[in-house]
Amino acid sequence: MNKYVRPIPIAGNGARRRKVTARLKAEGRACHICGLPIDPQATGPYAFNCDEITPRAYGGSPYAYENLASAHACCNNWRRTKDMGRVAAIRSRVLLDYGAWTSPMEFVEHAKAVEGDERAGRTRPRPVPSAEW
């Protein structure tokens, strides 16, 4: 990961940030972390968030449209400053170990389990396909 740099403050230019956030919200994109659709009227963990692809902590711009993507609040909170390559690897591992997820919270729960397993050096046994019905 890049060397830590001083983040670009977003509080100083709220109008500019609101403008790019409104543009992303209007496009109706799915969450770039879990891949599920985002309800623009949702609140709480399912609410729309504007996420920086390259986090501000590593020099990413909070205003550049090319650096922003749509995300659920819970997915964005889980990601924090993880590199997108790491996020993609965890998403692939979740899909292999748990199968498809039906909600952002379910994805985050499984992603946290995968991260915990990786830290502990464990691997989950993959389900064995069966011919039995």
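Contacts that reach far along the sequence are a good place to start: residues 24 or more positions apart account for 68% of the contacts in the protein chain with a separation of 6 or more. This is a predicted model, and its protein chain has 133 residues, 38% of them buried. Four helices and two strands make up its secondary structure, arranged along the sequence as α-β-β-α-α-α.

**The strand pair**

- Strands E1 (residues 48-52) and E2 (residues 68-72) run antiparallel to each other and are joined by five bridges.
- Glutamate 52 has leucine 68 in E2 as its bridge partner.
- Four of the five residues of E1 are buried, so the rest of the structure largely encloses this strand.

**Aromatic rings**

- There are two aromatic pairs in the structure.
- One of them joins tryptophan 78 and phenylalanine 107 in an edge-to-face arrangement, with 5.7 Å from centre to centre and 85 degrees between the planes.
- This pair connects distant parts of the chain, as tryptophan 78 belongs to helix H2 (residues 73-79) and phenylalanine 107 to helix H4 (residues 104-120), 29 residues apart.
- Tryptophan 101 and phenylalanine 107 also pair: their ring centres are 4.9 Å apart and their planes meet at 50 degrees, so this pair is tilted.
- For a pair to count as edge-to-face, the planes must be over 60 degrees apart, while planes under 30 degrees apart count as stacked.
- Taken together, Trp78, Trp101 and Phe107 form one aromatic cluster.
- Tryptophan 78 and phenylalanine 107 are both buried, the latter with a relative accessible area of 0%.
- Tryptophan 101 has a relative accessible area of 12% and is buried; the cut-off for buried is under 20%.

**Charges over rings**

- The charged end of lysine 82 sits over the ring of tryptophan 78, at 4.6 Å from its centre.
- Arginine 23 places its charged end over the ring of tyrosine 65, and here the distance to the ring centre is 3.6 Å.

**Helix H3 and its buried face**

- Helix H3 (residues 84-98) has 15 residues, which at 1.5 Å a residue should span 21 Å; the C-alpha atoms at its ends are 20 Å apart, in agreement with that figure.
- Its buried residues are Val87, Ile90, Arg93, Val94 and Asp97.
- Viewed down the axis of H3, these buried residues fall within an arc of 125 degrees, so they line one face of the helix.
- As background, an α-helix has 3.6 residues a turn, so residues three or four places apart point the same way.
- Helices H2 and H4 are among the elements that cover the buried residues of H3.

**A closer look at valine 87**

- Valine 87 is part of helix H3 and is buried, with a relative accessible area of 0%.
- Leaving out residues up to four places away in sequence, valine 87 touches Ile33, Trp78, Arg79 and Lys82.
- Valine 87 and alanine 111 are 24 residues apart along the chain, and their C-alpha atoms are separated by 9.0 Å.

**Isoleucine 33, a loop residue**

- Isoleucine 33 lies in the loop between helix H1 (14-27) and E1.
- Like valine 87, isoleucine 33 is buried with a relative accessible area of 0%.
- Beyond residues up to four places away in sequence, isoleucine 33 touches Asp51, Ala71, Cys75, Asn76, Trp78, Arg79, Val87, Arg91 and Phe107.
- That list includes two members of the aromatic cluster, Trp78 and Phe107.
- Isoleucine 33 and valine 108 are 75 residues apart in sequence, yet their C-alpha atoms are 9.6 Å apart in space.

**Asparagine 76 and its contacts**

- Asparagine 76 is found in helix H2.
- With a relative accessibility of 15%, asparagine 76 counts as buried, since the limit is under 20%.
- Outside the residues up to four places away in sequence, asparagine 76 touches Ile33, Asn49, Cys50, Asp51 and Ala71.
- Isoleucine 33 therefore appears among the contacts of asparagine 76, just as it does among those of valine 87.

Note on methods
Residues numbered from 1 in each chain as written. Predicted model: local features only at pLDDT ≥ 70, side-chain atom pairs only at ≥ 80, totals over all residues. Heavy atoms only, no water. Buried < 20%, exposed > 50% of the residue type's maximum accessible area, 1.4 Å probe, protein only. Pairing = 2+ DSSP bridges. Phe/Tyr/Trp six-rings, centres within 6.5 Å; stacked < 30°, edge-to-face > 60°. Lys NZ or Arg CZ within 6 Å of the ring centre and 35° of its normal. Expected span 1.5 Å × (residues − 1). Arc of directions from axis to C-beta. Contact = heavy atoms within 4.5 Å.
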